[in-house]
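Welcome! Below are some short exercises with worked solutions, to be followed at your own pace. Take a look at the sequence and the model first.

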Amino acid sequence: MRSYDIAIIGGGIGGLMSAYALATKKPELRILLLEKGHDIEKRVCPIVAGKVPACVRCPSCAIMEGMAGAGAFSDGKYVISTEYGGWLPDFLPPEQVLAYIEQADGILQSFGAPAERFMPNDELKKKCLEHDLHMAQAQLKHLGTDANFETMRKMVSFLRERVTILTDTNVIDVDKAAHTVWYERNGERDDVTASHIVFAVGRVGSRFFAKWCTENGIPLKNNQVDIGVRVELPSIVWEDFSHKIYEPKIWYRSKQYGDVTRMFCFNERGQVVMENTSGVLTVNGHAYVDEAKKSQNSNFALLSTIRFTEPFREPIEYARSVASLANLISGGSVLVQRLGDLLAGRRTDERRLAQSTVRPTLKAVAGDLSLCLPKRQLDNIIETLQALDRIAPGTMNYDTLLYGVECKYYSARPNCEDFELEGCERIYAVGDGTGFTRSLSQAAAHGLYVADKILRE
Ligand SMILES: Cc1cc2nc3c(=O)[nH]c(=O)nc-3n(C[C@H](O)[C@H](O)[C@H](O)COP(=O)(O)OP(=O)(O)OC[C@H]3O[C@@H](n4cnc5c(N)ncnc54)[C@H](O)[C@@H]3O)c2cc1C
(Lines give C-alpha, C1' and ligand atoms only; values in the text may rest on other atoms or scores of the structure.)
Protein backbone atom coordinates (compact mmCIF):
# COMPACT_ATOMS: atom_id res chain seq x y z
CA MET A 1 0.00 0.00 0.00
CA ARG A 2 1.31 3.47 -0.91
CA SER A 3 1.84 5.85 1.95
CA TYR A 4 2.09 9.63 2.12
CA ASP A 5 2.82 12.22 4.76
CA ILE A 6 -0.36 14.09 3.97
CA ALA A 7 -3.51 13.22 2.02
CA ILE A 8 -5.75 16.14 1.12
CA ILE A 9 -9.29 15.28 0.06
CA GLY A 10 -10.63 17.95 -2.28
CA GLY A 11 -8.89 20.21 -4.79
CA GLY A 12 -10.82 23.43 -4.07
CA ILE A 13 -9.10 26.56 -2.86
CA GLY A 14 -8.92 25.25 0.73
CA GLY A 15 -7.18 22.03 -0.29
CA LEU A 16 -4.97 23.78 -2.84
CA MET A 17 -3.76 26.37 -0.33
CA SER A 18 -2.94 23.62 2.18
CA ALA A 19 -1.00 21.77 -0.53
CA TYR A 20 0.78 24.97 -1.58
CA ALA A 21 1.90 25.88 1.94
CA LEU A 22 3.05 22.32 2.74
CA ALA A 23 4.86 21.83 -0.56
CA THR A 24 6.65 25.18 -0.54
CA LYS A 25 7.54 25.28 3.16
CA LYS A 26 8.68 21.65 3.35
CA PRO A 27 9.37 20.33 -0.16
CA GLU A 28 10.46 16.88 1.06
CA LEU A 29 6.92 16.06 2.25
CA ARG A 30 5.05 13.43 0.23
CA ILE A 31 1.70 15.04 -0.43
CA LEU A 32 -1.29 13.44 -2.16
CA LEU A 33 -4.30 15.44 -3.30
CA LEU A 34 -7.43 13.49 -4.28
CA GLU A 35 -10.11 15.26 -6.31
CA LYS A 36 -13.44 13.78 -7.28
CA GLY A 37 -13.91 15.96 -10.39
CA HIS A 38 -11.86 16.51 -13.52
CA ASP A 39 -8.57 18.30 -13.92
CA ILE A 40 -9.02 22.04 -14.32
CA GLU A 41 -8.54 22.20 -18.10
CA LYS A 42 -11.06 19.40 -18.60
CA ARG A 43 -13.84 21.11 -16.68
CA VAL A 44 -16.42 22.04 -19.29
CA CYS A 45 -20.09 22.49 -18.45
CA PRO A 46 -22.12 21.41 -21.54
CA ILE A 47 -24.59 24.28 -20.92
CA VAL A 48 -21.82 26.89 -20.82
CA ALA A 49 -20.26 25.28 -23.94
CA GLY A 50 -23.64 25.71 -25.68
CA LYS A 51 -23.98 21.96 -26.32
CA VAL A 52 -27.21 21.45 -24.36
CA PRO A 53 -29.96 23.88 -23.33
CA ALA A 54 -30.49 22.47 -19.84
CA CYS A 55 -28.60 20.56 -17.19
CA VAL A 56 -28.01 16.94 -18.19
CA ARG A 57 -26.73 16.04 -14.72
CA CYS A 58 -23.20 15.02 -15.67
CA PRO A 59 -21.72 12.35 -13.37
CA SER A 60 -19.29 15.08 -12.23
CA CYS A 61 -20.67 18.63 -12.30
CA ALA A 62 -17.98 20.75 -14.00
CA ILE A 63 -19.20 23.88 -12.24
CA MET A 64 -18.97 22.51 -8.71
CA GLU A 65 -16.37 19.73 -8.91
CA GLY A 66 -12.84 19.40 -10.22
CA MET A 67 -9.46 21.00 -9.62
CA ALA A 68 -9.95 24.52 -8.20
CA GLY A 69 -13.30 23.44 -6.74
CA ALA A 70 -16.51 25.45 -6.73
CA GLY A 71 -14.49 28.63 -7.09
CA ALA A 72 -13.03 27.75 -10.51
CA PHE A 73 -15.81 29.40 -12.51
CA SER A 74 -16.77 31.83 -9.81
CA ASP A 75 -16.68 35.54 -10.26
CA GLY A 76 -13.51 35.59 -8.16
CA LYS A 77 -14.59 38.07 -5.53
CA TYR A 78 -12.10 37.96 -2.68
CA VAL A 79 -13.21 39.57 0.55
CA ILE A 80 -10.21 41.02 2.36
CA SER A 81 -11.98 41.26 5.68
CA THR A 82 -13.25 39.08 8.48
CA GLU A 83 -16.61 40.85 8.58
CA TYR A 84 -18.26 38.17 6.44
CA GLY A 85 -17.38 35.08 4.44
CA GLY A 86 -17.37 32.49 7.19
CA TRP A 87 -16.98 31.72 10.86
CA LEU A 88 -13.18 31.43 11.22
CA PRO A 89 -13.07 34.55 13.45
CA ASP A 90 -15.17 32.58 16.00
CA PHE A 91 -12.27 30.13 16.32
CA LEU A 92 -9.16 32.23 15.70
CA PRO A 93 -8.30 35.85 16.52
CA PRO A 94 -9.71 38.02 13.68
CA GLU A 95 -6.27 39.63 13.12
CA GLN A 96 -4.81 36.19 12.52
CA VAL A 97 -7.58 35.28 10.07
CA LEU A 98 -6.98 38.54 8.22
CA ALA A 99 -3.24 37.87 8.08
CA TYR A 100 -3.94 34.47 6.47
CA ILE A 101 -6.39 36.07 4.01
CA GLU A 102 -3.65 38.55 3.02
CA GLN A 103 -1.16 35.68 2.71
CA ALA A 104 -3.56 33.82 0.39
CA ASP A 105 -4.01 36.98 -1.65
CA GLY A 106 -0.23 37.26 -2.02
CA ILE A 107 -0.07 33.66 -3.28
CA LEU A 108 -2.85 34.29 -5.80
CA GLN A 109 -1.09 37.44 -6.99
CA SER A 110 2.06 35.39 -7.56
CA PHE A 111 -0.06 33.36 -10.02
CA GLY A 112 -1.28 36.47 -11.81
CA ALA A 113 -4.27 37.70 -9.80
CA PRO A 114 -4.59 41.49 -9.99
CA ALA A 115 -3.70 43.68 -6.99
CA GLU A 116 -6.49 46.29 -7.24
CA ARG A 117 -9.03 46.50 -4.42
CA PHE A 118 -12.40 48.20 -3.99
CA MET A 119 -12.44 50.13 -0.71
CA PRO A 120 -15.32 50.52 1.82
CA ASN A 121 -17.64 53.49 1.29
CA ASP A 122 -19.23 55.23 4.31
CA GLU A 123 -21.46 57.43 2.20
CA LEU A 124 -23.26 54.39 0.76
CA LYS A 125 -23.41 52.74 4.16
CA LYS A 126 -25.15 55.86 5.51
CA LYS A 127 -27.62 55.84 2.61
CA CYS A 128 -28.49 52.24 3.48
CA LEU A 129 -28.94 53.03 7.18
CA GLU A 130 -31.37 55.82 6.32
CA HIS A 131 -33.63 53.08 4.93
CA ASP A 132 -33.08 50.50 7.67
CA LEU A 133 -30.69 48.52 5.48
CA HIS A 134 -27.29 47.37 6.71
CA MET A 135 -24.30 47.22 4.43
CA ALA A 136 -21.28 45.11 5.34
CA GLN A 137 -18.04 46.95 4.70
CA ALA A 138 -14.89 45.28 3.39
CA GLN A 139 -11.99 45.66 1.04
CA LEU A 140 -12.86 43.59 -1.99
CA LYS A 141 -10.99 42.21 -4.96
CA HIS A 142 -12.77 41.28 -8.13
CA LEU A 143 -10.82 39.00 -10.41
CA GLY A 144 -13.66 38.15 -12.78
CA THR A 145 -14.47 34.60 -13.90
CA ASP A 146 -11.84 34.47 -16.65
CA ALA A 147 -8.91 35.97 -14.67
CA ASN A 148 -9.83 33.88 -11.64
CA PHE A 149 -9.83 30.69 -13.72
CA GLU A 150 -6.45 31.54 -15.23
CA THR A 151 -4.96 32.26 -11.78
CA MET A 152 -6.21 28.90 -10.50
CA ARG A 153 -4.97 27.11 -13.63
CA LYS A 154 -1.45 28.43 -13.00
CA MET A 155 -1.60 27.47 -9.33
CA VAL A 156 -2.71 23.92 -10.17
CA SER A 157 0.05 23.57 -12.75
CA PHE A 158 2.63 24.79 -10.19
CA LEU A 159 1.38 22.19 -7.71
CA ARG A 160 1.45 19.36 -10.25
CA GLU A 161 5.25 19.53 -10.10
CA ARG A 162 5.32 19.21 -6.33
CA VAL A 163 2.28 17.22 -5.23
CA THR A 164 0.78 13.92 -6.43
CA ILE A 165 -2.62 14.88 -7.77
CA LEU A 166 -5.25 12.25 -8.57
CA THR A 167 -8.29 13.64 -10.36
CA ASP A 168 -11.56 11.80 -11.13
CA THR A 169 -10.90 10.17 -7.79
CA ASN A 170 -13.78 9.90 -5.37
CA VAL A 171 -12.84 9.29 -1.76
CA ILE A 172 -15.40 6.92 -0.29
CA ASP A 173 -14.10 6.27 3.21
CA VAL A 174 -11.34 7.01 5.68
CA ASP A 175 -10.28 4.76 8.54
CA LYS A 176 -9.67 7.14 11.39
CA ALA A 177 -7.44 4.74 13.34
CA ALA A 178 -5.33 3.25 10.53
CA HIS A 179 -5.37 6.48 8.49
CA THR A 180 -6.34 4.56 5.36
CA VAL A 181 -8.09 6.50 2.60
CA TRP A 182 -10.26 4.44 0.22
CA TYR A 183 -11.18 5.81 -3.14
CA GLU A 184 -12.69 4.91 -6.50
CA ARG A 185 -10.97 5.81 -9.75
CA ASN A 186 -11.88 4.63 -13.25
CA GLY A 187 -14.31 2.15 -11.70
CA GLU A 188 -11.58 0.56 -9.56
CA ARG A 189 -11.14 0.73 -5.81
CA ASP A 190 -7.80 1.51 -4.26
CA ASP A 191 -6.39 2.85 -1.02
CA VAL A 192 -3.47 4.74 0.47
CA THR A 193 -2.34 5.64 3.95
CA ALA A 194 -1.26 9.05 5.19
CA SER A 195 0.02 10.30 8.53
CA HIS A 196 -2.12 13.43 8.23
CA ILE A 197 -5.46 13.65 6.44
CA VAL A 198 -7.26 16.86 5.51
CA PHE A 199 -10.95 16.89 4.61
CA ALA A 200 -11.42 19.87 2.26
CA VAL A 201 -14.45 18.59 0.39
CA GLY A 202 -16.45 21.81 -0.14
CA ARG A 203 -20.19 22.16 -0.25
CA VAL A 204 -20.50 19.39 -2.81
CA GLY A 205 -18.85 16.96 -0.40
CA SER A 206 -20.63 18.12 2.73
CA ARG A 207 -23.14 15.25 2.77
CA PHE A 208 -20.36 12.68 2.39
CA PHE A 209 -18.40 14.39 5.15
CA ALA A 210 -21.38 14.69 7.53
CA LYS A 211 -22.22 11.01 6.99
CA TRP A 212 -18.63 10.05 7.65
CA CYS A 213 -18.57 12.10 10.87
CA THR A 214 -21.82 10.52 12.05
CA GLU A 215 -20.52 7.01 11.35
CA ASN A 216 -17.34 7.82 13.24
CA GLY A 217 -19.07 9.26 16.30
CA ILE A 218 -18.09 12.90 15.71
CA PRO A 219 -20.89 15.26 16.82
CA LEU A 220 -22.03 17.82 14.22
CA LYS A 221 -23.75 21.16 14.64
CA ASN A 222 -25.86 22.87 12.03
CA ASN A 223 -29.09 24.77 12.17
CA GLN A 224 -28.88 27.48 9.53
CA VAL A 225 -29.79 27.61 5.89
CA ASP A 226 -30.36 30.48 3.44
CA ILE A 227 -33.08 30.11 0.81
CA GLY A 228 -34.27 32.52 -1.84
CA VAL A 229 -33.81 33.69 -5.39
CA ARG A 230 -31.29 35.12 -7.82
CA VAL A 231 -32.40 38.60 -8.89
CA GLU A 232 -31.54 39.85 -12.39
CA LEU A 233 -32.10 43.41 -13.57
CA PRO A 234 -30.57 46.08 -15.83
CA SER A 235 -27.05 46.83 -14.65
CA ILE A 236 -27.71 50.59 -14.45
CA VAL A 237 -30.06 50.08 -11.48
CA TRP A 238 -27.19 49.26 -9.08
CA GLU A 239 -24.43 51.23 -10.78
CA ASP A 240 -24.19 53.83 -7.99
CA PHE A 241 -23.05 51.01 -5.71
CA SER A 242 -21.19 48.69 -8.04
CA HIS A 243 -19.01 51.40 -9.53
CA LYS A 244 -17.87 52.48 -6.07
CA ILE A 245 -17.59 49.24 -4.10
CA TYR A 246 -18.19 46.54 -6.77
CA GLU A 247 -20.24 44.32 -4.49
CA PRO A 248 -23.04 45.64 -2.29
CA LYS A 249 -23.62 43.17 0.56
CA ILE A 250 -26.71 44.39 2.33
CA TRP A 251 -28.98 42.81 4.90
CA TYR A 252 -32.46 43.70 6.06
CA ARG A 253 -34.59 42.52 9.01
CA SER A 254 -38.16 42.09 7.83
CA LYS A 255 -40.89 43.79 9.84
CA GLN A 256 -43.29 40.91 9.30
CA TYR A 257 -41.18 38.08 10.74
CA GLY A 258 -38.04 39.70 12.09
CA ASP A 259 -36.01 37.44 9.79
CA VAL A 260 -32.76 38.52 8.15
CA THR A 261 -32.64 38.53 4.35
CA ARG A 262 -29.30 39.16 2.65
CA MET A 263 -28.37 40.57 -0.73
CA PHE A 264 -24.93 39.30 -1.76
CA CYS A 265 -22.93 37.55 -4.50
CA PHE A 266 -23.44 40.55 -6.79
CA ASN A 267 -22.35 40.14 -10.42
CA GLU A 268 -22.17 43.30 -12.46
CA ARG A 269 -23.13 42.76 -16.12
CA GLY A 270 -22.95 39.05 -15.48
CA GLN A 271 -24.76 35.81 -16.16
CA VAL A 272 -27.10 33.72 -14.08
CA VAL A 273 -25.97 30.09 -14.02
CA MET A 274 -27.43 26.78 -13.00
CA GLU A 275 -25.52 24.47 -10.68
CA ASN A 276 -25.96 20.87 -9.73
CA THR A 277 -25.33 20.13 -6.08
CA SER A 278 -25.48 16.38 -5.58
CA GLY A 279 -28.37 15.99 -8.00
CA VAL A 280 -30.38 19.10 -7.07
CA LEU A 281 -30.41 22.03 -9.50
CA THR A 282 -30.07 25.50 -8.05
CA VAL A 283 -29.05 28.91 -9.39
CA ASN A 284 -26.01 31.09 -8.91
CA GLY A 285 -24.31 33.88 -10.83
CA HIS A 286 -20.99 34.97 -12.26
CA ALA A 287 -19.45 37.78 -14.32
CA TYR A 288 -16.56 38.02 -16.75
CA VAL A 289 -13.98 40.79 -16.87
CA ASP A 290 -13.70 40.43 -20.65
CA GLU A 291 -15.92 43.18 -22.12
CA ALA A 292 -17.04 40.89 -24.95
CA LYS A 293 -18.56 38.43 -22.48
CA LYS A 294 -20.45 40.98 -20.40
CA SER A 295 -24.24 41.14 -20.45
CA GLN A 296 -26.49 44.19 -19.94
CA ASN A 297 -27.78 42.79 -16.64
CA SER A 298 -26.49 42.52 -13.11
CA ASN A 299 -27.56 39.76 -10.79
CA PHE A 300 -27.39 39.05 -7.07
CA ALA A 301 -28.51 36.49 -4.53
CA LEU A 302 -31.37 37.46 -2.23
CA LEU A 303 -31.65 34.85 0.46
CA SER A 304 -33.62 34.62 3.65
CA THR A 305 -31.92 33.01 6.63
CA ILE A 306 -33.69 30.31 8.59
CA ARG A 307 -32.41 28.97 11.89
CA PHE A 308 -34.22 25.84 12.93
CA THR A 309 -34.85 24.89 16.53
CA GLU A 310 -35.24 21.47 18.15
CA PRO A 311 -36.23 18.85 17.17
CA PHE A 312 -35.43 19.61 13.52
CA ARG A 313 -31.75 19.12 12.65
CA GLU A 314 -31.61 18.76 8.91
CA PRO A 315 -31.49 22.24 7.36
CA ILE A 316 -29.63 20.99 4.29
CA GLU A 317 -32.33 18.41 3.54
CA TYR A 318 -34.93 21.14 4.00
CA ALA A 319 -33.21 23.40 1.45
CA ARG A 320 -32.72 20.49 -0.94
CA SER A 321 -36.45 19.68 -0.70
CA VAL A 322 -37.42 23.27 -1.53
CA ALA A 323 -34.99 23.37 -4.47
CA SER A 324 -36.16 19.91 -5.63
CA LEU A 325 -39.71 21.22 -5.76
CA ALA A 326 -38.59 23.90 -8.24
CA ASN A 327 -36.81 21.16 -10.23
CA LEU A 328 -39.99 19.09 -10.19
CA ILE A 329 -42.39 21.76 -11.39
CA SER A 330 -39.97 23.05 -14.01
CA GLY A 331 -39.61 19.56 -15.50
CA GLY A 332 -36.02 19.07 -14.32
CA SER A 333 -34.71 22.63 -14.48
CA VAL A 334 -34.94 25.86 -12.48
CA LEU A 335 -37.64 28.53 -12.59
CA VAL A 336 -37.66 32.15 -13.71
CA GLN A 337 -40.47 34.61 -12.96
CA ARG A 338 -41.01 38.32 -13.51
CA LEU A 339 -41.39 40.16 -10.22
CA GLY A 340 -44.58 41.83 -11.51
CA ASP A 341 -46.16 38.46 -12.27
CA LEU A 342 -45.20 37.15 -8.85
CA LEU A 343 -46.82 40.18 -7.15
CA ALA A 344 -49.91 39.80 -9.34
CA GLY A 345 -50.21 36.14 -8.27
CA ARG A 346 -49.82 34.71 -11.75
CA ARG A 347 -47.37 32.46 -13.50
CA THR A 348 -44.81 33.85 -15.91
CA ASP A 349 -45.16 31.82 -19.08
CA GLU A 350 -43.00 31.87 -22.20
CA ARG A 351 -45.19 34.55 -23.81
CA ARG A 352 -44.93 36.87 -20.79
CA LEU A 353 -41.22 36.23 -20.47
CA ALA A 354 -40.75 37.13 -24.13
CA GLN A 355 -42.35 40.52 -23.34
CA SER A 356 -39.87 41.20 -20.55
CA THR A 357 -37.57 44.16 -21.08
CA VAL A 358 -34.94 42.35 -19.01
CA ARG A 359 -33.54 39.62 -21.24
CA PRO A 360 -32.77 36.50 -19.18
CA THR A 361 -29.14 35.38 -19.29
CA LEU A 362 -30.05 31.83 -18.23
CA LYS A 363 -32.43 29.56 -20.10
CA ALA A 364 -34.72 28.67 -17.21
CA VAL A 365 -38.35 27.54 -17.27
CA ALA A 366 -40.84 30.40 -16.98
CA GLY A 367 -43.05 29.57 -14.01
CA ASP A 368 -44.38 30.48 -10.60
CA LEU A 369 -42.01 30.67 -7.66
CA SER A 370 -44.87 30.87 -5.16
CA LEU A 371 -45.55 27.21 -5.90
CA CYS A 372 -42.25 26.12 -4.44
CA LEU A 373 -40.88 28.78 -2.09
CA PRO A 374 -42.34 28.73 1.43
CA LYS A 375 -44.57 31.77 2.14
CA ARG A 376 -42.32 33.05 4.89
CA GLN A 377 -39.25 33.20 2.66
CA LEU A 378 -41.21 34.65 -0.24
CA ASP A 379 -42.67 37.41 2.00
CA ASN A 380 -39.18 38.19 3.32
CA ILE A 381 -37.82 38.43 -0.22
CA ILE A 382 -40.57 40.78 -1.43
CA GLU A 383 -40.27 43.01 1.66
CA THR A 384 -36.50 43.20 1.19
CA LEU A 385 -36.83 44.04 -2.51
CA GLN A 386 -39.15 46.90 -1.52
CA ALA A 387 -36.53 48.17 0.95
CA LEU A 388 -33.73 47.83 -1.64
CA ASP A 389 -35.82 49.77 -4.13
CA ARG A 390 -35.51 52.81 -1.85
CA ILE A 391 -31.72 52.91 -2.27
CA ALA A 392 -31.61 51.61 -5.86
CA PRO A 393 -34.86 52.68 -7.52
CA GLY A 394 -35.82 50.30 -10.30
CA THR A 395 -35.14 47.18 -8.24
CA MET A 396 -38.93 46.64 -7.92
CA ASN A 397 -39.44 46.95 -11.67
CA TYR A 398 -42.20 44.72 -13.11
CA ASP A 399 -39.66 42.99 -15.37
CA THR A 400 -37.06 42.31 -12.68
CA LEU A 401 -36.38 38.59 -13.03
CA LEU A 402 -36.31 36.19 -10.11
CA TYR A 403 -34.72 32.77 -10.59
CA GLY A 404 -35.25 29.98 -8.15
CA VAL A 405 -34.32 28.34 -6.12
CA GLU A 406 -31.00 29.57 -4.82
CA CYS A 407 -29.84 28.19 -1.52
CA LYS A 408 -26.69 28.33 0.47
CA TYR A 409 -26.40 25.40 2.78
CA TYR A 410 -23.80 25.75 5.41
CA SER A 411 -22.31 22.40 5.98
CA ALA A 412 -22.63 20.82 9.37
CA ARG A 413 -19.68 21.70 11.58
CA PRO A 414 -17.94 18.85 13.41
CA ASN A 415 -16.62 19.04 16.95
CA CYS A 416 -12.94 19.89 16.63
CA GLU A 417 -9.96 20.94 18.69
CA ASP A 418 -8.17 23.58 16.62
CA PHE A 419 -9.69 22.00 13.45
CA GLU A 420 -8.51 18.49 14.39
CA LEU A 421 -11.60 16.28 14.41
CA GLU A 422 -12.73 15.07 17.82
CA GLY A 423 -11.25 11.65 18.54
CA CYS A 424 -9.35 11.60 15.23
CA GLU A 425 -5.68 12.28 15.69
CA ARG A 426 -4.09 14.16 12.76
CA ILE A 427 -7.32 14.32 10.75
CA TYR A 428 -8.42 17.89 10.00
CA ALA A 429 -11.39 19.81 8.65
CA VAL A 430 -10.93 22.68 6.17
CA GLY A 431 -13.21 24.99 4.21
CA ASP A 432 -16.88 25.24 3.26
CA GLY A 433 -17.65 21.52 3.40
CA THR A 434 -16.84 21.38 7.09
CA GLY A 435 -18.95 24.39 8.09
CA PHE A 436 -16.15 26.79 9.04
CA THR A 437 -16.11 29.02 5.95
CA ARG A 438 -18.32 30.23 3.14
CA SER A 439 -16.03 32.20 0.85
CA LEU A 440 -12.94 31.86 -1.27
CA SER A 441 -10.83 34.02 1.01
CA GLN A 442 -11.72 32.29 4.28
CA ALA A 443 -11.49 28.80 2.73
CA ALA A 444 -8.03 29.78 1.42
CA ALA A 445 -6.99 31.20 4.79
CA HIS A 446 -8.27 28.05 6.51
CA GLY A 447 -6.21 25.83 4.21
CA LEU A 448 -3.08 27.84 4.98
CA TYR A 449 -3.72 27.80 8.73
CA VAL A 450 -4.20 24.01 8.87
CA ALA A 451 -1.06 23.49 6.76
CA ASP A 452 0.93 25.55 9.30
CA LYS A 453 -0.56 23.52 12.11
CA ILE A 454 0.52 20.29 10.40
CA LEU A 455 4.01 21.73 9.85
CA ARG A 456 4.27 22.65 13.53
CA GLU A 457 3.43 19.07 14.44
C1 LIG B 1 -20.87 29.69 -9.09
C2 LIG B 1 -20.20 30.06 -7.78
C3 LIG B 1 -19.72 31.35 -7.61
C4 LIG B 1 -19.06 31.70 -6.41
N5 LIG B 1 -18.53 32.95 -6.29
C6 LIG B 1 -17.80 33.28 -5.21
C7 LIG B 1 -17.13 34.52 -5.13
O8 LIG B 1 -17.13 35.32 -6.07
N9 LIG B 1 -16.46 34.82 -3.98
C10 LIG B 1 -16.41 33.95 -2.92
O11 LIG B 1 -15.78 34.28 -1.91
N12 LIG B 1 -17.00 32.74 -2.99
C13 LIG B 1 -17.69 32.38 -4.10
N14 LIG B 1 -18.29 31.15 -4.19
C15 LIG B 1 -18.10 30.22 -3.06
C16 LIG B 1 -16.68 29.64 -3.13
O17 LIG B 1 -16.53 29.01 -4.38
C18 LIG B 1 -16.46 28.67 -1.98
O19 LIG B 1 -16.60 29.38 -0.77
C20 LIG B 1 -15.08 28.02 -2.03
O21 LIG B 1 -14.87 27.40 -3.28
C22 LIG B 1 -14.89 27.00 -0.92
O23 LIG B 1 -13.66 26.36 -1.08
P24 LIG B 1 -13.42 24.86 -0.54
O25 LIG B 1 -12.02 24.50 -0.89
O26 LIG B 1 -13.84 24.78 0.87
O27 LIG B 1 -14.45 23.95 -1.36
P28 LIG B 1 -14.67 23.71 -2.92
O29 LIG B 1 -14.15 24.83 -3.72
O30 LIG B 1 -16.10 23.35 -3.07
O31 LIG B 1 -13.77 22.44 -3.24
C32 LIG B 1 -14.02 21.18 -2.69
C33 LIG B 1 -13.55 20.11 -3.68
O34 LIG B 1 -13.62 18.83 -3.04
C35 LIG B 1 -14.03 17.88 -4.01
N36 LIG B 1 -14.63 16.73 -3.31
C37 LIG B 1 -15.80 16.70 -2.64
N38 LIG B 1 -16.01 15.46 -2.13
C39 LIG B 1 -14.95 14.70 -2.51
C40 LIG B 1 -14.62 13.33 -2.32
N41 LIG B 1 -15.42 12.48 -1.62
N42 LIG B 1 -13.45 12.86 -2.87
C43 LIG B 1 -12.64 13.69 -3.58
N44 LIG B 1 -12.93 15.01 -3.79
C45 LIG B 1 -14.06 15.51 -3.25
C46 LIG B 1 -15.03 18.63 -4.86
O47 LIG B 1 -15.19 18.02 -6.14
C48 LIG B 1 -14.42 20.02 -4.93
O49 LIG B 1 -13.63 20.20 -6.08
C50 LIG B 1 -18.93 30.75 -5.36
C51 LIG B 1 -19.43 29.45 -5.53
C52 LIG B 1 -20.04 29.09 -6.74
C53 LIG B 1 -20.55 27.69 -6.91
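The shell around the ligand divides into 15 nonpolar, 21 polar and nine charged residues. In this count Ala, Val, Leu, Ile, Met, Phe, Trp, Tyr, Cys and Pro are nonpolar, Asp, Glu, Lys and Arg are charged, and the others, Gly among them, are polar. This is a predicted model, in which local features need pLDDT of at least 70 and side-chain atom pairs count only at pLDDT 80 or more, while totals for chains, interfaces and linings use all residues. Residues are numbered from 1 along each chain as its sequence is written.

**Exercise 1. Describe the surroundings of the ligand.**

Step 1. Begin with the residues: 45 of them surround the ligand, and the closest are Gly 12, Gly 69, Gly 202, Gly 205 and Gly 431. A residue counts here if its C-beta atom, placed from the backbone, lies within 6 Å of the molecule.

Step 2. Now look for the elements. Those that each supply at least two residues of the shell include helix H1 (13–25), strand S3 (77–80) and helix H11 (440–456). Helices (H or I, at least four residues) and strands (E, at least two) are DSSP runs, numbered from the N terminus.

Step 3. Finally, turn to the domains. The shell draws at least three residues from each of domain 1 (2–118 + 139–221 + 413–456) and domain 2 (224–409). These bounds come from an automatic or database domain assignment.

**Exercise 2. Find out how the two domains meet.**

Step 1. The C-alpha centres of domain 1 and domain 2 lie 27 Å apart.

Step 2. Their contact takes 25 residues from domain 1 and 23 residues from domain 2. Two residues are in contact if their C-beta atoms, placed from the backbone, lie within 7 Å.

Step 3. On the side of domain 1 that touches domain 2, strand S5 (139–142), helix H4 (145–160) and helix H5 (206–215) are the elements that give two or more residues. The largest share, three residues, comes from H4.

Step 4. That side of domain 1 divides into 13 nonpolar, five polar and seven charged residues.

**Exercise 3. Locate the largest nonpolar core.**

Step 1. This core has 142 residues, and those with the most contacts inside it are Ala 7, Ala 19, Ile 31, Val 198 and Tyr 403. Such a core is a set of buried Ala, Val, Leu, Ile, Met, Phe, Trp, Tyr and Cys residues joined through C-beta atoms within 7 Å. A residue is buried if 20 or more other C-beta atoms lie within 10 Å of its own, exposed if 12 or fewer, and partly exposed in between, with C-beta atoms placed from the backbone.

Step 2. H11 gives the largest share of this core, nine residues.

Step 3. Domain 1 and domain 2 both give residues to the core, so it lies between them.

**Exercise 4. Trace the eight-stranded sheet.**

Step 1. The sheet is open, with mixed pairing and the order S4-S12-S13-S16-S11-S19-S17-S18. Two strands pair if DSSP finds at least two bridges between them.

Step 2. Strand S4 (134–135) and S18 stand at the edges with a single partner strand each, so one side of each is left without a neighbour in the sheet.

Step 3. Move inward to strand S13 (residues 260–267), where seven of the eight residues are buried. Four bridges join S13 to the antiparallel strand S12 (residues 250–253), and Trp 251 has Arg 262 as its bridge partner in S13. S12 and S13 form a hairpin with six residues between them, and Gly 258 in the turn has a positive phi of about 75°.

Step 4. S13 also pairs with strand S16 (residues 297–307) in the antiparallel sense, over five bridges. Here Thr 261 stands opposite Ser 304.

Step 5. S16 pairs in turn with strand S11 (residues 224–234), again antiparallel, over 11 bridges.

**Exercise 5. Pick out some unusual backbone angles.**

Step 1. Recall the background: most residues other than glycine have a negative phi, and most peptide bonds are trans.

Step 2. Ala 68 has a positive phi of about 85° and is buried, with 25 other C-beta atoms within 10 Å. Arg 426 has a positive phi near 60° but is partly exposed, with 16 other C-beta atoms within 10 Å.

Step 3. A cis peptide bond joins Glu 310 and Pro 311, with omega about 10°. The bond from Gly 404 to Val 405 is cis too, with omega near 10°, and Val 405 is found in strand S19 (residues 401–409).
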